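Trainee: Hi! Could you walk me through this one before the group meeting?
Mentor: Happy to, let's put it on the screen.

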Amino acid sequence: GDILDDYLRTDGVWILTRNKQFYKTNNEKECAEKCEAERNFNCRAFLFTRKNLQCLTLAENTRMTVTFNSMDAVLYEKKIYLLQCKRGIGKDYRGTEDKTWSGIPCQKWAEKTPHKPNYTPEKHPSAGLDENYCRNPDKDGKGPWCYTTDPSTRFDYCNIPECEHQVTHTGGVECIQCNGEDYHGEVSRTESGLECQHWDAQEPHFHGFTQKHFPEKDLKMNYCRNPDGDLRPWCFTISPTKRWEYCNIPRCTTISPVSGLSSQCLSGKGEDYRGRIAITESGKVCQHWNTQFPHRHGWIPDRYPCKGLEENYCRNPDGEKRPWCYTINSSARWEYCAIPHCDGTEQGIAGMNMPMQVPLPEECYRGKGQSYRGTTSITASGKKCQAWNSMFPHRHEKTPDRFPNADLRDNYCRNPDGDNSPWCFTTDPSVTWEYCNLKTCDDHTHE
């Protein structure tokens, strides 16, 4: 599998850390390899900055230190160090529980008082004997334990919950079809073992996913759900430092028929279109969905098994106005397709919904662009902007309700938070946000 599968990704977050190493890498995978090979300390996470291609390997993660926002940064944390539950006897448990089941604080593994330990970090460097956290270096059948700070009790076991209970319900194993958008089970813990925040609560995380706004999404209690078409069910967590996480629900081994008929013509937005048109409305050939050239993207068929991403056929996986595709023309990232309507009418190629064009020269912004009110909706690298009132493919808090004076209309580039220039969330699942394809008004030459 992908090396990044072992990490939990969080966009726009920086963490304060003492032990770190700087490297120059080309991408996140190379940074992950630096983390795996790190010998200066036990690498629990890494930060990658897109602009500078800078890689920082870190000894701490969000369980151990404070976080703050940093728009350009992506934080990757090793999942094994975030798990607050144990699998089996907990041999690979690397959580931060530091008390015994009866509440006695644990002795640090590197210390020799009040008990002289047989298991030390020097003797067992791969056992994760950090600080005074509960561990199971000797594969004890009763699970993780620690030496205690009570002179009369040499060691005792820790109360670590089982991970397995997260995916079992009334004796059967729950599973998801496709991306779990129709999942209605009762799993209420994330993949790292955190308890889910109730959907009708706004603490510790404020959000817009309420029963009132999404009445058809079954947002009950604190059960994991997928109301926005993400990769799989997720939830907000009760941890103030971790806004949300995916839930550990396995995919069903047998695929049931997808609800709804696949259509060969355009009805509505064409999300159910499964025809074989593979040319855009201006005549460009579509790029195959399972390739990353000439355009890199996040719509990978294996990740979205029910979106119909076959061959290079026009599709609408993201709720756009109508089916579209990436093109094999390196200068045209994507375009809409001309699909015949189911009522028999043809789409005019020169119709109302032409592909978004590169901004006109007069599109510019002053200062940081907080007053910019133009209609550009393409990023500097040519990606489409996500609508501000949409939570797909990226969940966010920059909504029109919360920023009433920022003119967050449609998917137009804006600067609601005082960043360096106008920006937007992108419709590419692999890229959360980018600055927009705009110049400052000062850059323009006047004849």
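Mentor: What follows is a chat about the overall make-up, the helix, some disulfides and a buried asparagine.

Trainee: Before we start, what kind of model is this?
Mentor: This is a predicted model.

Trainee: Good to know. How many helices and strands does the chain have?
Mentor: There is 1 helix in the chain, along with 17 strands.

Trainee: And how much of the chain is buried?
Mentor: Of the 447 residues in the chain, 48% are buried. The chain exposes about 22600 Å², and 50% of that comes from carbon and sulfur atoms.

Trainee: What about contacts over distance in sequence?
Mentor: If you take contacts between residues at least 6 apart in sequence, 62% of them join residues at least 24 apart.

Trainee: Let's zoom in on the helix. Which residues of H1 are buried?
Mentor: H1 covers residues 28-37, and its buried residues are Glu 28, Cys 31, Ala 32 and Cys 35. They span an arc of only 105° around the axis, so they sit on the same side of H1.

Trainee: What covers them?
Mentor: The cover includes strands E1 (7-15), E3 (45-49), E4 (54-58) and E5 (67-78).

Trainee: And which residue caps the N-terminal end of H1?
Mentor: That is Asn 27, which has a side-chain oxygen 3.2 Å from the backbone nitrogen of Lys 29.

Trainee: Switching topic: how many disulfides are there?
Mentor: Searching the whole structure gives 13 disulfides. One of them joins Cys 224 to Cys 247, with an S to S distance of 2.0 Å.

Trainee: Which hand does the link of Cys 224 and Cys 247 have?
Mentor: The torsion about its S-S bond is about -85°, so this disulfide is left-handed. The pair links distant parts of the chain, 23 residues apart: Cys 224 is in the loop between E9 and E10, while Cys 247 is in the loop between E11 and E12.

Trainee: Are those two cysteines buried or exposed?
Mentor: Cys 224 and Cys 247 are both buried.

Trainee: Can you show me another one?
Mentor: Sure, take Cys 178 and Cys 306, which form a disulfide with sulfur atoms 1.6 Å apart. This link is left-handed too, with -75° about the S-S bond. Cys 178 lies in the loop between strand E9 (172-173) and strand E10 (234-236), and Cys 306 in the loop between strand E11 (244-246) and strand E12 (324-326), so the disulfide ties together parts that are 128 residues apart in sequence.

Trainee: Why does Cys 178 count as buried?
Mentor: Because its relative accessible area is 18%, and buried means under 20%. Cys 306 has 22%, so it is partly exposed.

Trainee: Is there one that involves a strand residue?
Mentor: Yes, Cys 385 and Cys 424 form a disulfide, their sulfur atoms 2.1 Å apart. Cys 424 is in strand E15 (423-425), whereas Cys 385 is in the loop between strand E14 (364-365) and E15, 39 residues apart. Both Cys 385 and Cys 424 are buried.

Trainee: Last stop, that asparagine. Where does Asn 132 lie?
Mentor: Asn 132 is in the loop between E5 and strand E6 (145-147). It is buried, with a relative accessible area of 14%.

Trainee: What does the side chain of Asn 132 have a polar atom close to?
Mentor: A polar atom of that side chain lies 3.0 Å from the backbone oxygen of Cys 106. Leaving aside neighbours within four places in sequence, Asn 132 is in contact with Glu 97, Asp 98, Cys 106, Gln 107, Lys 108 and Trp 109.

Conventions. Residues are numbered from 1 along each chain as its sequence is written. This is a predicted model: local features need pLDDT of at least 70, side-chain atom pairs count only at pLDDT 80 or more; totals for chains, interfaces and linings use all residues. Side-chain values use heavy atoms; hydrogens and water are left out. Buried means under 20% relative accessible area, exposed over 50%, partly exposed in between (1.4 Å probe, protein chains only). Helices (H or I, at least four residues) and strands (E, at least two) are DSSP runs, numbered from the N terminus. The arc is that of the directions from the helix axis to the C-beta atoms. Contact means heavy atoms within 4.5 Å. A polar contact is a pair of N or O atoms within 3.5 Å; within protein, one must be able to donate a hydrogen and the other to accept it, and residues adjacent in sequence count only if both atoms are side-chain atoms. A disulfide is a pair of cysteine sulfur atoms within 2.5 Å. Accessible areas come from the Shrake-Rupley method with a 1.4 Å probe; for residues, only the protein chains shown count as cover.
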